[in-house]
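Please open the structure in a viewer that can select residues by number and display side chains. The tour below proceeds stop by stop, stating what to select and what is found there.

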Amino acid sequence: MMIQQLFVNLPVKDLTRSVEFFAALGFTFNPQFTDDTATCMIVSDNIMVMLLVESRFKEFTPKAICDSHKSTEVLNALQLESREKVTEFIAKAVAAGGKTYAEPKDHGFMIQHGFEDLDGHIWEVFWMDPAGFAQVQAGSSNE
């Protein structure tokens, strides 16, 4: 089996504000999958995030929607191409109305930072040096 695409679905309270927020971060949207209740945010060629107003989101699940300002339902992790891009992206998120929830972490081979969007969904943003990660993994397997 080969997965063709990934669609992450997230409930939002105000679709217009959410679109404005993510557009400020540089994301674009597929009008083919957009109406007054939902939009398709393009993350990459094969990764999309469906932002659905809560009433529409409820059509897809029998479970209650969690209050993501109080509970974490998912961690969305985005890998960027450099340490500097991580810092820039977080600054854009905060300027657009998001908020950070922790200090950045520098692991040497990887830097990570994150923000909460307008609905409290957590977005981890990181850069990782694969060679450095392989060295760390090799060192831990020798212990």
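Two residues are said to be in contact when heavy atoms of theirs lie within 4.5 Å. This is a predicted model, in which local features need pLDDT of at least 70 and side-chain atom pairs count only at pLDDT 80 or more, while totals for chains, interfaces and linings use all residues. Residues are numbered from 1 along each chain as its sequence is written, and side-chain values use heavy atoms, with hydrogens and water left out.

**Stop 1: Asp117**

Select Asp117, in the loop between strand 7 (110–116) and strand 8 (122–128). Helices (H or I, at least four residues) and strands (E, at least two) are DSSP runs, numbered from the N terminus. Leaving aside neighbours within four places in sequence, Asp117 is in contact with Phe21, Phe22 and Trp123. Display the side chains of Asp117 and Trp123, which are joined by a polar contact of 3.0 Å. A polar contact is a pair of N or O atoms within 3.5 Å; within protein, one must be able to donate a hydrogen and the other to accept it, and residues adjacent in sequence count only if both atoms are side-chain atoms.

Which side chain of opposite charge is nearest to Asp117? It is Arg17, 9.6 Å away; Asp117 is buried yet has no salt bridge. Here Lys and Arg count as positive and Asp and Glu as negative, whereas His and the chain ends are not counted. A salt bridge is a side-chain nitrogen of Lys or Arg within 4 Å of a carboxyl oxygen of Asp or Glu. Buried means under 20% relative accessible area, exposed over 50%, and partly exposed in between (1.4 Å probe, protein chains only).

**Stop 2: strand 7 and its sheet**

Next, select strand 7, where 7 of the 7 residues are buried. One side carries Met110, Gln112, Gly114 and Glu116, the other Ile111, His113 and Phe115, and both faces are covered.

Add strand 8, which pairs with strand 7 in the antiparallel sense over 7 bridges; two strands pair if DSSP finds at least two bridges between them. Met128 in strand 8 is the bridge partner of Met110. The hairpin of these strands has 5 residues between them, and Gly120 takes a positive phi near 85 degrees.

Now add strand 6 (residues 105–106), paired with strand 7 in the antiparallel sense over 2 bridges. Asp106 stands opposite Ile111. This hairpin has 3 residues between its strands, with Gly108 in the turn at a positive phi of about 85 degrees.

Showing the whole open sheet gives 4 strands in the order 5-8-7-6, with mixed pairing. Strand 5 (75–79) and strand 6 stand at the edges with a single partner strand each, so one side of each has no neighbour in the sheet.

**Stop 3: His113**

Within strand 7, select His113. Is this residue buried or exposed? His113 is buried, at a relative accessible area of 15%. A polar atom of the His113 side chain lies 3.0 Å from the backbone oxygen of Ala102.

**Stop 4: the nonpolar core**

A nonpolar core is a set of buried Ala, Val, Leu, Ile, Met, Phe, Trp, Tyr and Cys residues joined through side-chain atoms within 4.5 Å. Select Phe22, Leu25, Phe89, Phe115 and Trp123, which touch the most other members of the largest core, a set of 22 residues. Two or more residues each come from strand 1 (6–12), helix 1 (15–24), strand 4 (47–53), helix 3 (83–95), strand 7 and strand 8. Helix 3 gives the largest share of this core, 4 residues. Apart from it lies another core of 6 residues, including Ala38, Met48, Met50 and Phe57.

**Stop 5: salt bridges**

How many salt bridges does a search of the whole structure find? It finds 5. Select Lys13 and Glu54, whose side chains meet in one of 3.0 Å, N to O. Lys13 lies in the loop between strand 1 and helix 1 and Glu54 in helix 2 (residues 54–57), so the pair ties together parts 41 residues apart in sequence. Lys13 is exposed at 60% relative accessibility, whereas Glu54 is partly exposed at 26%.

Then select Asp35 and Arg56, whose side chains meet in a salt bridge of 3.5 Å, N to O. Asp35, Arg56 and Glu59 are linked in a network of salt bridges.

Finally, select Lys85 and Glu88, which form a salt bridge with the closest N and O atoms 3.7 Å apart. These residues are 3 apart in helix 3, so about one helical turn separates them.
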